[in-house]
Amino acid sequence: MAAQALVSSALARALAGASAAAGGAAAAGSAAVGSASAAVPSATGVVYFAALLGAGALFLAIAFFVFLPMLVVAPAKFAACFSLGSGLVVAAPAALRGAKAHAASMLGEDRRPLTAAYCGTLFLTLWASLGLHSYFLSLVACGGQICALAYYAASYVPGGAAGLRAAGGVAASALGSVFSSK
């Protein structure tokens with residue numbers, strides 16, 4: 001509880017300092033602080049964000065370091081752990097922005113294909129491992145899920161999606177030159 005109060009007061013001081021540094025009239029400064037504080041998540045939201053992101057990272061680490069070596073024997077355990085971790089990572093920003101705002105963002109015009117690709121690979125991973133018990137298809141679906149998750153995370157960074165596309169183009173041309181040289 002004391003940590004939440006400390007984070008809240010630090011955010012309030014940072015907003016007040018930024019408003020004072022920007023200059024302007026007192027009325028304009030207080031209006032800027034009021035509108036900026038609406039965009040700043042609460043301390044509870046930050047704690048939930050960190051908890052969801054940490055739990056997601058933990059499940060992803062367990063999936064890769066414990067269940068990936070056992071993928072041939074137990075594809076369902078790997079896929080369930082991996083999908084749960086991936087889902088927690090995707091759900092983490094909802095704690096900062098709110099569930100409705102996050103869902104609206106994921107279903108927005110520019111992110112709709114990405115959301116469909118992520119959900120499709122998530123369900124394909126679970127179906128391949130739990131329904132088909134196919135370790136090869138589970139691994140392929142997890143690879144697609146990793147790509148969709150990386151693109152999703154990069155889409156929130158300014159210029160991140162374009163940078164990811166450029167890196168993918170460079171990697172594709174490098175692989176093309178390796179395989180065409182034979």
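**Exercise 1.** In which helix is the place of A116? Classify the residue as buried or exposed, then relate A116 to A148.

*Solution.* The model is predicted.
Step 1. Locate the residue: A116 sits in helix α6, residues 112–131.
Step 2. Take its relative accessible area, 52%. The cut-off for exposed is over 50%. A116 is therefore exposed.
Step 3. Compare sequence and space. A116 and A148 lie 32 residues apart in sequence. Their C-alpha atoms are 9.4 Å apart.

**Exercise 2.** Place Q145 in its helix, decide whether Q145 is buried or exposed, and list the residues it touches beyond four places in sequence.

*Solution.*
Step 1. Q145 belongs to helix α7, which spans residues 135–155.
Step 2. Its relative accessibility is 0%. Buried means under 20%. So Q145 counts as buried.
Step 3. Leave out residues up to four places away in sequence. Q145 then touches F82, S83, S86, Y118, T121, L122 and T125.

**Exercise 3.** Describe the nonpolar surface patch: which residues make it, and which helix gives the largest share?

*Solution.*
Step 1. List the members: F64, F65, V66, L68, L139 and I146. The patch area is about 530 Å².
Step 2. Assign helices. Both α3 (43–67) and α7 supply at least two residues each.
Step 3. Rank them. Helix α3 gives the largest share, three residues.
Step 4. Check one member. F65 is found in α3. Its relative accessible area is 70%, so F65 is exposed.

Notes:
Residues numbered from 1 in each chain as written. Predicted model: local features only at pLDDT ≥ 70, side-chain atom pairs only at ≥ 80, totals over all residues. Heavy atoms only, no water. Helix = DSSP H or I, 4+ residues; strand = E, 2+ residues; numbered from the N terminus. Buried < 20%, exposed > 50% of the residue type's maximum accessible area, 1.4 Å probe, protein only. Contact = heavy atoms within 4.5 Å. Patch = residues over 30% accessible without salt bridge, like charges linked within 9 Å, V, L, I, M, F, W, Y side chains within 5 Å. Areas by Shrake-Rupley, 256 points an atom, 1.4 Å probe, with all protein chains shown as cover. Salt bridge = Lys/Arg side-chain N within 4 Å of Asp/Glu carboxyl O.
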